[in-house]
Protein chains: 2
Amino acid sequence: MNIGAAALASGVTAKSIRHYESIGLLRPAERRANAYRDYCERDVHELRFIKRARRLGFSTGEIGALLALWRDRARPSREVRRIAERHVAELEARITEMQAMAKTLGALGDACCGDDRPDCPILDDLARGSGED
Amino acid sequence: MNIGAAALASGVTAKSIRHYESIGLLRPAERRANAYRDYCERDVHELRFIKRARRLGFSTGEIGALLALWRDRARPSREVRRIAERHVAELEARITEMQAMAKTLGALGDACCGDDRPDCPILDDLARGSGED
DNA sequence: GCTTGACCTTCCCACGATGGGAAGGTCTAT
DNA sequence: ATAGACCTTCCCATCGTGGGAAGGTCAAGC
(Lines give C-alpha, C1' and ligand atoms only; values in the text may rest on other atoms or scores of the structure.)
Protein backbone atom coordinates (compact mmCIF):
# COMPACT_ATOMS: atom_id res chain seq x y z
CA MET A 1 0.00 0.00 0.00
CA ASN A 2 1.44 3.38 -1.04
CA ILE A 3 1.36 6.34 1.30
CA GLY A 4 -1.55 7.83 -0.62
CA ALA A 5 -3.65 4.74 -0.13
CA ALA A 6 -2.74 4.59 3.55
CA ALA A 7 -3.71 8.24 3.86
CA LEU A 8 -7.05 7.55 2.25
CA ALA A 9 -7.67 4.49 4.41
CA SER A 10 -6.71 6.18 7.66
CA GLY A 11 -7.89 9.72 7.12
CA VAL A 12 -4.42 11.06 7.93
CA THR A 13 -2.80 13.14 5.18
CA ALA A 14 0.36 11.81 3.51
CA LYS A 15 2.11 14.94 4.74
CA SER A 16 1.24 14.11 8.33
CA ILE A 17 2.15 10.45 7.95
CA ARG A 18 5.67 11.44 6.93
CA HIS A 19 5.74 13.92 9.76
CA TYR A 20 4.72 11.29 12.32
CA GLU A 21 7.44 9.04 11.01
CA SER A 22 10.01 11.84 11.20
CA ILE A 23 9.27 12.55 14.86
CA GLY A 24 9.40 8.87 15.76
CA LEU A 25 5.69 8.37 16.39
CA LEU A 26 5.60 5.69 13.71
CA ARG A 27 8.29 3.12 13.00
CA PRO A 28 9.99 4.01 9.69
CA ALA A 29 7.86 2.46 6.97
CA GLU A 30 9.13 -0.38 4.82
CA ARG A 31 10.52 0.82 1.54
CA ARG A 32 10.03 -0.80 -1.81
CA ALA A 33 12.67 -1.01 -4.53
CA ASN A 34 11.61 2.39 -5.80
CA ALA A 35 11.98 3.91 -2.33
CA TYR A 36 8.22 4.30 -1.97
CA ARG A 37 6.93 3.72 1.56
CA ASP A 38 4.90 0.54 1.91
CA TYR A 39 2.11 0.22 4.46
CA CYS A 40 0.05 -2.67 5.76
CA GLU A 41 -3.29 -2.90 7.54
CA ARG A 42 -1.59 -2.73 10.90
CA ASP A 43 -0.01 0.61 9.98
CA VAL A 44 -3.37 1.94 8.92
CA HIS A 45 -4.73 0.81 12.24
CA GLU A 46 -2.05 2.76 14.10
CA LEU A 47 -2.72 5.80 11.96
CA ARG A 48 -6.38 5.65 12.87
CA PHE A 49 -5.38 5.36 16.51
CA ILE A 50 -3.29 8.50 16.14
CA LYS A 51 -6.00 10.35 14.30
CA ARG A 52 -8.57 9.57 16.93
CA ALA A 53 -6.24 10.52 19.76
CA ARG A 54 -5.34 13.79 18.04
CA ARG A 55 -9.02 14.54 17.71
CA LEU A 56 -9.35 14.02 21.46
CA GLY A 57 -6.71 16.67 21.86
CA PHE A 58 -3.73 14.51 22.81
CA SER A 59 -0.37 15.95 21.77
CA THR A 60 1.93 13.81 19.67
CA GLY A 61 4.09 13.37 22.76
CA GLU A 62 1.18 11.96 24.71
CA ILE A 63 0.18 9.81 21.77
CA GLY A 64 3.71 8.44 21.63
CA ALA A 65 3.31 7.28 25.22
CA LEU A 66 -0.14 5.85 24.52
CA LEU A 67 1.12 4.03 21.44
CA ALA A 68 4.01 2.54 23.38
CA LEU A 69 1.56 1.27 25.97
CA TRP A 70 -0.74 -0.01 23.27
CA ARG A 71 2.07 -1.94 21.61
CA ASP A 72 3.15 -3.38 24.95
CA ARG A 73 0.72 -6.19 25.60
CA ALA A 74 1.86 -6.42 29.24
CA ARG A 75 1.33 -2.80 30.22
CA PRO A 76 -0.72 -1.95 33.28
CA SER A 77 -3.88 -0.05 32.41
CA ARG A 78 -2.99 2.27 35.27
CA GLU A 79 -0.42 4.02 33.10
CA VAL A 80 -2.88 4.69 30.34
CA ARG A 81 -5.42 5.94 32.79
CA ARG A 82 -2.90 8.29 34.36
CA ILE A 83 -2.06 9.86 31.00
CA ALA A 84 -5.72 10.23 30.13
CA GLU A 85 -6.57 11.76 33.48
CA ARG A 86 -3.79 14.28 33.27
CA HIS A 87 -4.98 15.21 29.82
CA VAL A 88 -8.55 15.63 31.03
CA ALA A 89 -7.31 17.89 33.82
CA GLU A 90 -5.47 20.03 31.27
CA LEU A 91 -8.52 20.20 29.06
CA GLU A 92 -10.69 21.24 31.97
CA ALA A 93 -8.26 23.95 33.01
CA ARG A 94 -8.25 25.38 29.52
CA ILE A 95 -12.03 25.14 29.30
CA THR A 96 -12.39 27.10 32.54
CA GLU A 97 -10.01 29.74 31.29
CA MET A 98 -11.82 30.10 27.99
CA GLN A 99 -15.18 30.27 29.71
CA ALA A 100 -13.90 33.16 31.79
CA MET A 101 -12.74 34.92 28.60
CA ALA A 102 -16.08 34.35 26.90
CA LYS A 103 -17.99 35.53 29.96
CA THR A 104 -15.98 38.73 30.24
CA LEU A 105 -16.33 39.47 26.55
CA GLY A 106 -20.01 38.59 26.59
CA ALA A 107 -20.62 41.06 29.41
CA LEU A 108 -18.65 43.76 27.60
CA GLY A 109 -20.55 43.09 24.41
CA ASP A 110 -23.88 43.36 26.22
CA ALA A 111 -22.84 46.73 27.60
CA CYS A 112 -21.92 47.94 24.12
CA CYS A 113 -24.72 49.56 22.15
CA GLY A 114 -23.16 48.65 18.84
CA ASP A 115 -24.29 51.90 17.33
CA ASP A 116 -22.59 54.55 15.23
CA ARG A 117 -21.07 56.38 18.14
CA PRO A 118 -17.53 55.84 19.38
CA ASP A 119 -18.44 55.02 22.97
CA CYS A 120 -17.49 51.41 23.49
CA PRO A 121 -17.20 49.61 26.82
CA ILE A 122 -15.13 46.89 25.21
CA LEU A 123 -12.33 49.23 24.21
CA ASP A 124 -12.68 51.16 27.45
CA ASP A 125 -12.13 48.00 29.39
CA LEU A 126 -9.15 46.91 27.33
CA ALA A 127 -7.62 50.36 27.59
CA ARG A 128 -8.17 50.54 31.31
CA GLY A 129 -6.31 47.28 31.65
CA SER A 130 -8.39 46.07 34.53
CA GLY A 131 -6.61 42.77 34.76
CA GLU A 132 -2.97 43.54 35.34
CA ASP A 133 -0.38 41.03 36.35
CA MET B 1 12.03 55.07 28.67
CA ASN B 2 14.09 52.12 27.45
CA ILE B 3 12.45 48.95 26.23
CA GLY B 4 13.25 47.21 29.49
CA ALA B 5 11.44 49.84 31.51
CA ALA B 6 8.47 49.74 29.13
CA ALA B 7 8.42 45.97 29.49
CA LEU B 8 8.39 46.25 33.26
CA ALA B 9 5.70 48.93 33.23
CA SER B 10 3.43 47.07 30.79
CA GLY B 11 4.02 43.47 31.72
CA VAL B 12 4.92 42.63 28.11
CA THR B 13 8.40 41.18 27.61
CA ALA B 14 10.95 43.18 25.62
CA LYS B 15 11.07 40.26 23.22
CA SER B 16 7.35 40.55 22.55
CA ILE B 17 7.44 44.33 22.27
CA ARG B 18 9.96 44.04 19.44
CA HIS B 19 7.84 41.31 17.90
CA TYR B 20 4.68 43.44 18.01
CA GLU B 21 6.59 46.25 16.35
CA SER B 22 7.93 43.92 13.67
CA ILE B 23 4.46 42.70 12.72
CA GLY B 24 3.10 46.23 12.62
CA LEU B 25 0.94 46.03 15.73
CA LEU B 26 2.86 48.94 17.23
CA ARG B 27 4.16 51.96 15.37
CA PRO B 28 7.96 51.77 15.17
CA ALA B 29 9.32 53.22 18.39
CA GLU B 30 11.28 56.46 18.47
CA ARG B 31 15.01 55.86 18.45
CA ARG B 32 17.56 57.71 20.49
CA ALA B 33 21.03 58.65 19.28
CA ASN B 34 22.34 55.25 20.40
CA ALA B 35 19.58 53.45 18.45
CA TYR B 36 17.81 52.45 21.64
CA ARG B 37 14.02 52.42 21.38
CA ASP B 38 12.37 55.16 23.41
CA TYR B 39 8.88 54.75 24.87
CA CYS B 40 6.40 57.08 26.48
CA GLU B 41 3.40 56.53 28.73
CA ARG B 42 1.09 56.30 25.77
CA ASP B 43 3.11 53.39 24.39
CA VAL B 44 2.94 51.64 27.73
CA HIS B 45 -0.81 52.15 27.65
CA GLU B 46 -1.07 50.50 24.24
CA LEU B 47 1.10 47.66 25.43
CA ARG B 48 -1.23 47.08 28.35
CA PHE B 49 -4.14 47.13 25.93
CA ILE B 50 -2.44 44.45 23.89
CA LYS B 51 -1.57 42.38 26.91
CA ARG B 52 -5.11 42.42 28.19
CA ALA B 53 -6.54 41.58 24.79
CA ARG B 54 -4.08 38.70 24.37
CA ARG B 55 -5.17 37.38 27.73
CA LEU B 56 -8.76 37.44 26.50
CA GLY B 57 -7.62 35.22 23.67
CA PHE B 58 -7.63 37.71 20.81
CA SER B 59 -5.11 36.99 18.06
CA THR B 60 -2.63 39.69 17.12
CA GLY B 61 -4.60 40.16 13.92
CA GLU B 62 -7.78 40.85 15.87
CA ILE B 63 -5.88 43.12 18.24
CA GLY B 64 -4.55 45.07 15.28
CA ALA B 65 -8.14 45.74 14.23
CA LEU B 66 -9.16 46.65 17.77
CA LEU B 67 -6.19 48.99 18.14
CA ALA B 68 -7.01 50.71 14.88
CA LEU B 69 -10.54 51.25 16.13
CA TRP B 70 -9.26 52.43 19.45
CA ARG B 71 -6.95 54.97 17.85
CA ASP B 72 -9.77 56.18 15.62
CA ARG B 73 -11.81 58.44 17.84
CA ALA B 74 -14.65 58.46 15.32
CA ARG B 75 -15.14 54.74 14.96
CA PRO B 76 -18.60 53.26 15.43
CA SER B 77 -18.77 50.93 18.43
CA ARG B 78 -20.60 48.50 16.16
CA GLU B 79 -17.30 47.47 14.58
CA VAL B 80 -15.72 46.69 17.91
CA ARG B 81 -18.72 44.75 19.02
CA ARG B 82 -18.72 42.71 15.84
CA ILE B 83 -15.11 41.67 16.35
CA ALA B 84 -15.73 40.80 19.98
CA GLU B 85 -18.85 38.79 19.15
CA ARG B 86 -17.09 36.83 16.48
CA HIS B 87 -14.33 36.07 18.93
CA VAL B 88 -16.81 34.94 21.58
CA ALA B 89 -18.43 32.63 19.04
CA GLU B 90 -15.04 31.10 18.26
CA LEU B 91 -14.28 30.67 21.92
CA GLU B 92 -17.61 28.98 22.52
CA ALA B 93 -17.13 26.62 19.62
CA ARG B 94 -13.75 25.58 20.96
CA ILE B 95 -15.13 25.21 24.46
CA THR B 96 -17.88 22.91 23.22
CA GLU B 97 -15.36 20.83 21.32
CA MET B 98 -13.07 20.52 24.32
CA GLN B 99 -15.96 19.63 26.59
CA ALA B 100 -16.85 16.80 24.26
CA MET B 101 -13.24 15.59 24.39
CA ALA B 102 -13.15 15.76 28.18
CA LYS B 103 -16.48 13.98 28.47
CA THR B 104 -15.39 11.14 26.20
CA LEU B 105 -12.10 10.75 28.01
CA GLY B 106 -13.76 10.97 31.39
CA ALA B 107 -16.14 8.16 30.48
CA LEU B 108 -13.29 6.03 29.17
CA GLY B 109 -11.27 6.72 32.31
CA ASP B 110 -14.21 5.71 34.50
CA ALA B 111 -14.48 2.43 32.64
CA CYS B 112 -10.79 1.78 33.14
CA CYS B 113 -9.89 -0.09 36.31
CA GLY B 114 -6.46 1.41 36.42
CA ASP B 115 -4.99 -1.81 37.71
CA ASP B 116 -1.97 -3.90 36.76
CA ARG B 117 -3.67 -5.74 33.98
CA PRO B 118 -3.41 -4.75 30.34
CA ASP B 119 -7.14 -4.47 29.69
CA CYS B 120 -7.86 -0.85 29.03
CA PRO B 121 -11.04 0.61 27.58
CA ILE B 122 -9.19 3.80 26.70
CA LEU B 123 -6.77 2.10 24.36
CA ASP B 124 -9.50 -0.19 23.07
CA ASP B 125 -11.56 2.80 22.10
CA LEU B 126 -8.67 4.58 20.43
CA ALA B 127 -7.73 1.43 18.56
CA ARG B 128 -11.26 0.79 17.42
CA GLY B 129 -11.40 4.26 15.99
CA SER B 130 -15.05 4.75 16.78
CA GLY B 131 -15.14 8.30 15.51
CA GLU B 132 -14.02 8.14 11.91
CA ASP B 133 -14.38 10.90 9.37
C1' DG C 1 41.76 56.25 32.49
C1' DC C 2 39.65 51.09 32.38
C1' DT C 3 36.91 47.25 33.70
C1' DT C 4 32.54 45.16 34.93
C1' DG C 5 27.86 44.23 34.53
C1' DA C 6 23.51 45.49 32.96
C1' DC C 7 21.40 47.04 29.30
C1' DC C 8 20.47 47.56 24.28
C1' DT C 9 20.73 46.11 19.09
C1' DT C 10 19.90 42.59 15.15
C1' DC C 11 19.72 37.96 13.61
C1' DC C 12 18.80 33.09 13.67
C1' DC C 13 16.64 28.99 15.66
C1' DA C 14 13.22 26.42 18.47
C1' DC C 15 8.66 24.84 19.83
C1' DG C 16 3.60 22.19 17.87
C1' DA C 17 1.21 20.39 14.01
C1' DT C 18 0.22 21.14 9.62
C1' DG C 19 0.24 22.68 4.80
C1' DG C 20 2.27 24.71 0.43
C1' DG C 21 5.25 24.06 -3.01
C1' DA C 22 9.69 23.22 -5.62
C1' DA C 23 12.62 19.89 -7.99
C1' DG C 24 13.09 15.50 -9.28
C1' DG C 25 12.09 10.32 -9.82
C1' DT C 26 8.42 6.49 -10.91
C1' DC C 27 4.39 4.22 -12.35
C1' DT C 28 0.42 3.37 -15.52
C1' DA C 29 -2.61 3.95 -19.25
C1' DT C 30 -3.16 5.50 -23.71
C1' DA D 1 6.61 7.87 -25.96
C1' DT D 2 4.14 10.95 -23.44
C1' DA D 3 0.76 12.62 -20.08
C1' DG D 4 -0.80 12.65 -15.54
C1' DA D 5 -0.91 10.90 -11.11
C1' DC D 6 1.84 9.41 -7.84
C1' DC D 7 6.09 9.23 -4.99
C1' DT D 8 10.63 11.24 -2.86
C1' DT D 9 13.29 14.96 -0.08
C1' DC D 10 13.87 19.63 1.24
C1' DC D 11 12.69 24.27 2.52
C1' DC D 12 9.42 27.68 4.05
C1' DA D 13 5.06 29.49 6.34
C1' DT D 14 1.90 29.70 10.00
C1' DC D 15 1.27 31.74 15.41
C1' DG D 16 3.29 33.71 19.62
C1' DT D 17 6.93 33.32 22.33
C1' DG D 18 11.52 32.43 24.15
C1' DG D 19 16.62 31.24 23.91
C1' DG D 20 20.85 32.65 22.67
C1' DA D 21 24.79 34.49 19.84
C1' DA D 22 27.54 38.47 18.52
C1' DG D 23 28.16 43.02 19.11
C1' DG D 24 27.35 48.08 20.70
C1' DT D 25 26.36 51.31 24.90
C1' DC D 26 25.85 53.04 29.38
C1' DA D 27 26.64 53.59 34.38
C1' DA D 28 29.19 52.68 38.48
C1' DG D 29 33.36 51.71 40.95
C1' DC D 30 38.47 51.16 41.07
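**Figure 1. Protein residues surround DNA strand C in this predicted model.** In all, 19 residues surround DNA strand C. The closest are K15(A), Y20(A), T60(A), G4(B) and R18(B). Consider the strand atoms within 4 Å of the protein. Sugar or phosphate accounts for 68% of them, and bases for the rest. By class, the surface near DNA strand C has five nonpolar, eight polar and six charged residues.

**Figure 2. Side chains of Y36(A), R54(A) and Y36(B) approach DNA strand C.** A polar side-chain atom of Y36(A) lies 2.9 Å from a base nitrogen of the strand. R54(A) approaches a sugar or linking oxygen of DNA strand C: an N or O atom of the R54(A) side chain is 3.1 Å away. Y36(B) has a side-chain N or O atom 3.5 Å from a base oxygen of DNA strand C. Three elements give two or more residues each to this surface: α2 of chain A, and α1 (3-10) and α2 of chain B. α2(A) gives the most, with four residues.

**Figure 3. Residues of both chains lie closest to DNA strand D.** Here, 19 residues surround the strand. G4(A), R18(A), K15(B), Y20(B) and T60(B) are the closest. Of the strand atoms within 4 Å of the protein, 70% belong to sugar or phosphate. The rest belong to bases. The surface near DNA strand D divides into five nonpolar, eight polar and six charged residues.

**Figure 4. Side chains of R18(A), K15(B) and Y36(B) approach DNA strand D.** R18(A) places a polar side-chain atom 2.6 Å from a phosphate oxygen of the strand. For K15(B), a polar side-chain atom lies 2.4 Å from a base oxygen of DNA strand D. For Y36(B), such an atom lies 2.9 Å from a base nitrogen of DNA strand D. The elements giving two or more residues to this surface are α1 (3-10) and α2 (14-22) of chain A, together with α2 (14-22) of chain B. α2(B) gives the most, with four residues.

**Figure 5. Chain A and chain B meet at an interface.** In this view, 55 residues of chain A contact 55 residues of chain B. The area buried between the chains is about 5000 Å². Carbon and sulfur atoms give 64% of that area. R52(A), L123(A) and L126(A) supply 14% of the area that chain A buries against chain B, more than any other three residues.

**Figure 6. Salt bridges and polar contacts join chain A and chain B.** The count of salt bridges between the chains is two. In one of them, D125(A) pairs with R52(B), and the closest N and O atoms are 2.6 Å apart. The interface also has five residue pairs in polar contact. On the chain A side, α3 (41-55), α4 (60-71), α5 (77-111) and α6 (121-128) each give two or more residues. α5(A) gives the most, with 18 residues. By class, this side of chain A has 26 nonpolar, 13 polar and 16 charged residues.

**Figure 7. A rotation superposes chain A on chain B.** The rotation is 180°, with 0.0 Å of shift along its axis. The RMSD is 0.1 Å. The two copies are therefore related as by a two-fold rotation axis. Which residue of chain A comes closest to the rotation axis? I95(A) does, with its C-alpha at 2.9 Å. Of the interface residues of chain A, 100% are also interface residues in chain B, so the copies meet through the same surface.

Conventions:
Residues numbered from 1 in each chain as written. Chains lettered and ligands numbered in written order. Predicted model: local features only at pLDDT ≥ 70, side-chain atom pairs only at ≥ 80, totals over all residues. Heavy atoms only, no water. Contact = heavy atoms within 4.5 Å. Buried area = accessible area lost by both parts, 1.4 Å probe. Salt bridge = Lys/Arg side-chain N within 4 Å of Asp/Glu carboxyl O. Polar contact = N/O pair within 3.5 Å; in protein donor to acceptor, adjacent residues only side chain to side chain. Nonpolar A, V, L, I, M, F, W, Y, C, P; charged D, E, K, R; others polar. Near = heavy atom within 4 Å. Least-squares fit on C-alpha atoms with pLDDT ≥ 70 in both.
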